[in-house]
Amino acid sequence: MELKEKILKRLPDAGFEDAQYPTVTVEPDKLHELASMLCREEGYDFLVSLTGVDWGDSLGVVYHLARSGNPLDMIVLKTATADKEHPQLFSVTDLWETANLNEREAYGLLGINFINHPDMRRLFLNEKWKGFPLRKDYDASPENNPLSIESEPFSDKLRSLSFTTQGDIIEKEKELFGKEEYVVNIGPQHPSTHGVLHFRVSLDGELIRKVDPNLGYIHRGIEKMCESMTYPQMLHLTDRLDYLSAHINRHALCSCIEKAVEIEVSERVEYIRTMMDELQRIASHLLGWSAMCMDMGALTAFIYGMRDREKIIDIFQDTCGARLIMNYNVIGGVMYDLHPDFQKKVKEFIPYMRKIMKEYHQIFTGNVIADERMKSIGILSKEQAVSYGVTGPSGRASGFSCDVRKHRPYAAYGKIKFNEVLREEGDTFARYMVRLDEILESLNILEQLVDHIPEGPYQAKTKPIIRIPEGEYFQSVEAARGLFGVYICSKGDKSPYRLKFRSPGLSLVSIVDLISRNEKIADLIAIGGSLDYVVPDIDR
Amino acid sequence: MEVKGIYIKGVKNEEFKDTEYLQKYYVEELQQNGSNIVIGALDDLLNWGRSNSLWPLTFATSCCGIEFMCVGAARFDFARFGFEVTRSSPRQADVIVVAGTIVYKMAPVLKRLYDQMAEPKYVIAMGSCAISGGPFCESYHVAKGVQEIIPVDVFVPGCPPRPESLLYGMMQLQRKVKLDRFLESAQKSKKRRKEAVREIRENDGKLK
Amino acid sequence: MFDFKVLTQWIDQSLRALNLPDFGVLVIELVLVGIALLAAYAILAIILIWFERKICAWFQCRLGPNRVGIFGLLQTFADTIKILLKELIPINNNDKILFYLAPFIVILSSMLSFGALPFGKGLQAIDFNIGIFYMMAVSSLGVLGVLLAGWSSNNKFSMIGAMRSGAQMVSYELSVGLSLLTMVIFAGSMQLSQIVNQQADLWFIFKGHVPALIAFLVYLIAGHAETSRGPFDLPEAESELTAGYHTEYSGIQFGFYYLAEYLNMFIIAAIATTVFLGGWQPLHIPGLDGFNHVMDYIPTPVWFLGKAFFCIFLSLWVRWTFPRLRIDQLLHLEWKYLLPLNLLNILFMALIVIFKWHF
């Protein structure tokens, strides 16, 4: 392999593994060299996922890298430091911007310090939180961290570690906001943050100077919980991550486990899953559209979107029995067979939705106020989208072709024809339009599938206790908000050693500061609506 | 409306009271104990007004928030009950629907929101996360129910509860509001009131 | 047409018949007028709120309030009782006097302009010879209340909301003023009763050719912006500033803002009715005497309220359809489009009046 030779030429002591993806293991001090070589010379400019892992005797980080031209041609980098008291690794924020928040997350949950990282604050937990939850020796007893109803002041000190010329590590501190700045809290309780996101916004009149996202108001510790659950048990947690694409998230975890255990699912299951995913995508985009309209002050449009979303929920309800969190996919298939009315209702829904889409364009897209508020606002270039790891409709609006369904077809996506909706502008309007066009594309997919659902079992027989063979697995699907990935590191037990969800939301929230600077407050709201993040998906 | 045909292991069907339970027993019992006709009638008027105009705070943390939005939208439409004026400022809201998981970092915020609301204020805990931590009760960062932080008036179970159950919960809150004796309690001494409550509880025991 | 002067003069005479001094009669009459206006104010507000909730529900494929009273008619009464009983939260570290004063200024300004409206034939509390000027003057007082509220709340959202409101009101005041001025040129008088009387045969909007039509449209837009509702609700901007300038107000203080918002909507519609749509004058079409005669049988207050509610309906329609403007768009609309259009329009109207091109 050519790349392997190149790497060995540069770093002779790098270890290679041929697992699901080619894996390179290096010493911490060599990591940055290797990373910058891969990023700058080999074109691995898309950091899919950054996972901190406690290997027991050492703390490490796993990087999943890909090329933006083909987001799923991946290579895995691994590094680890044995110093558990003061673990220090090198930051890769200068190569991939998306590493910023991900490294802060690893710092908050595992206590790994990243040298040269500009802003070492804990991402999800309070600064005073005792212990690092994702470490294996974390003491979870409630006495350590009791429930407190006293508000804690935020820490505004940006701590960063860097080398001096002599090679010593020094700590620097910088204030986040100056004393003169007019800082407004948007959130955690705010009607248009789509949950409990907290932005601290520095304002100059109506203009935004700086946005500091403060996350963790719905950090539920799902990844830690998964480590003590068996595989079938943890499925229901995925639905609650990004509850608007519940089916799709669960699909990702199920197919990751199925690949690892080598369970064959029938073609019928693939079709059912694909159709459910697409219905879910439409429902999610509809809600995203409605919420965006509401954020921009058009309440009637919100109600129209919700009205039509109920029609999809009816279809879900018939088959799955639930409205929002369906718990439908299971390992090896789906929970129940399709309801007899399913095909009829989907066939009724497709023309209805096509008709109603025109109405949406009339009521909102064509409106002169809406147009003015969305066009050339919050522009994200393609390079930025790749560097920040922005996928899904928001990435595609900037011209980043990142549709997993196209690049690495899973389930029944390989058997159907559909277009990847791409736009070049990268502004709020482009993001808005991509979302609406994707609804039409999803309707096309549904139309191709609904009449050809093959016969077969809806569930494969699985063992009562599922053990994944030792190794690391990564599976990604296209969720409604972008690339949703599941990383499982197994040691052969019935529960995973480390499980990480690569959520699209974290990248989305990391660009808010970038694209809303020097725009107005109203634009921040519109940008937030167009990014359409779901907060539990960010916080996990 | 009589509730029929519920089967839950270990619970007798007869134990389920009908849905007008609160109003039927408590209100009638309270009035049996006697109240000044003018004050009682005024109280009824005030309670009628308050119970029919419960403005919720727009507050949602996770999944249940979507169902809360659905209740506000066209199919379920809680405007029918006069709930539709959702206020974003806690000062102007009457009821906070805690829709979703409350984590440790959110707990002080929730407490502050509750403190900022003007009396009389009510709390609905929507969904199993808000009731007990739900599926996340083993997590290191999730509060085991909002009643650890603020007092709760109505619990609406489900994960997430269907909009119908939220509507039922809100109607149950209306009934609870109708039990308040705003003027009467100001008139009666606290002791007498306590006695009345005890009596009702005893009667309630007999009814069972 | 029934002239309400008959009624008012009868009250006046019967009071004088009691041999009261002139001053006493005046005081009693003032009190009576005050009570009547306050009652009308409250009842109109309650009807308006109900009207808006029902109309909004209708636009949004919902039902709207329907549990209390027939069609939810009593919903607003329930809200009123609730809001009267809510706690008034005292806030630390704010400007106490201004904080408590602000809601009163807002309600006062809308009350003052409400009092001078001609509701029907002979049904006008006071008829200034500078009626239009007075209306403009007192209705602009409201912005003071909003600014004070934003300043005294010691809340950043309120502050931003109030500043937005200041910019918005001052700008749109111009358009409102100029479009009314166009009609004053046409009528040759600022007195509301005279303006209404001149429209007996034909309403100004039909009489005044194109400029009257343009002035009407501009007035509707600018007036709508004055009420800070609909696409112009930037001072409140629920999804941006939570509740804008009244974020910190609770209970009846918030109720005052809520009330004033709806009444301002009515006042704007009522002025539009008076100046453009003939006030309480019935619909008369020159030449059709039979039709005109039938129209005269409909009481004048019904005409007035009917037209006003039609204008309100237009305003609601806009409100529930359009997304909110951004602050720069808002100011662009006023200073770049409405104001030049208005100035040209005034010129045009002056020419029409000079050369007597109108009907």
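Which strands of chain A does helix 6 (residues 246-261) lie across? I opened the notebook with that one. I found that helix 6 of chain A lies across strand 15 and strand 16 of chain A. Its direction is at about 150° to strand 15 of chain A. Note to self: this is a predicted model, not an experiment.

**Entry: the sheet under that helix**

I followed the two strands into their sheet. It is an open sheet of three strands in chain A, with the order 15-16-17 and antiparallel pairing. I had to remind myself how strands hold on to each other: the strands of a sheet pair through backbone hydrogen bonds, parallel or antiparallel.

Why is one side of strand 15 (471-479) and of strand 17 (498-502) of chain A left without a neighbour in the sheet? Both stand at the edges with a single partner strand each, so one side of each has no neighbour there. I also looked up the turn between neighbouring strands of this sheet, and it is 10° on average if direction is ignored.

Then I checked one pairing in detail. Strand 16 (residues 482-490) and strand 17 of chain A run antiparallel and are joined by five bridges. I picked out Tyr487(A), whose bridge partner in strand 17 of chain A is Lys500(A).

**Entry: helix 17 of chain A**

How many of the residues of helix 17 (residues 521-531) of chain A are buried? I got 11 of 11, so I cross-checked the names. Among them are Ile521(A), Leu524(A), Ile525(A) and Leu531(A), and the list also has Asp523(A) and Ser530(A). Gly528(A) and Gly529(A) are buried as well. Just after the helix comes Asp532(A), and I noted its positive phi of about 60°.

**Entry: two domains in chain A**

Chain A is split into domain 1 (1-140) and domain 2 (230-534). Their centres, taken over C-alpha atoms, are 27 Å apart. I wanted to know who does the touching: 21 residues come from domain 1 of chain A and 24 residues from domain 2 of chain A.

On the domain 1 side, strand 3 (46-54), strand 5 (70-81) and helix 3 (99-110) of chain A each supply at least two residues. Strand 3 of chain A gives the most, with six residues. Sorting that side of domain 1 by class, I got 10 nonpolar, nine polar and two charged residues.

**Entry: chain A against chain B**

Next I went from domains to chains. In this contact, 34 residues of chain A meet 39 residues of chain B. Helix 4 (222-226), helix 5 (231-239) and helix 8 (299-320) of chain A each put at least two residues into the side that touches chain B.

Which helix of chain A gives the most to that side? My notes say helix 8 of chain A, with four residues. The chain A side divides into 17 nonpolar, 10 polar and seven charged residues.

**Entry: a sheet in chain B**

Chain B has an open sheet of four strands, and I wrote down the order 1-2-3-4 with parallel pairing. The edges are strand 1 (56-57) and strand 4 (154-156) of chain B; each has a single partner strand, so one side of each lacks a neighbour in the sheet.

I zoomed in on one edge. Strand 1 and strand 2 (residues 95-99) of chain B pair in the parallel sense over two bridges. Pro56(B) has Val95(B), in strand 2 of chain B, as its bridge partner.

This sheet has a helix across it too. Helix 6 (residues 163-179) of chain B lies across strand 2, strand 3 (122-126) and strand 4 of chain B. It runs at about 170° to strand 4 of chain B.

**Entry: chain C**

How many helices and strands are there in chain C? I counted 15 helices and zero strands. Chain C has a radius of gyration of 21 Å, which agrees with the value near 21 Å for a compact globule of 359 residues. Along the principal axes, its C-alpha atoms fill a box of roughly 65 × 60 × 45 Å. Buried residues make up 47% of the 359 residues in chain C.

Last lookup: 20 residues of chain C are in contact with 24 residues of chain A. Helix 11 (238-241) and helix 15 (327-355) of chain C each give two or more residues to the chain C side. The largest share, three residues, comes from helix 11 of chain C. By class, I noted eight nonpolar, five polar and seven charged residues on that side of chain C.

Key
Residues numbered from 1 in each chain as written. Chains lettered and ligands numbered in written order. Predicted model: local features only at pLDDT ≥ 70, side-chain atom pairs only at ≥ 80, totals over all residues. Contact = placed C-beta atoms within 7 Å. Nonpolar A, V, L, I, M, F, W, Y, C, P; charged D, E, K, R; others polar. Domains from an automatic or database assignment. Rg over C-alpha atoms; globule rule 2.2 N^0.38 Å. Buried ≥ 20, exposed ≤ 12 C-beta atoms within 10 Å, placed from the backbone. Pairing = 2+ DSSP bridges. Axes fitted to C-alpha atoms, helices over the stretch in contact; angles between N-to-C directions.
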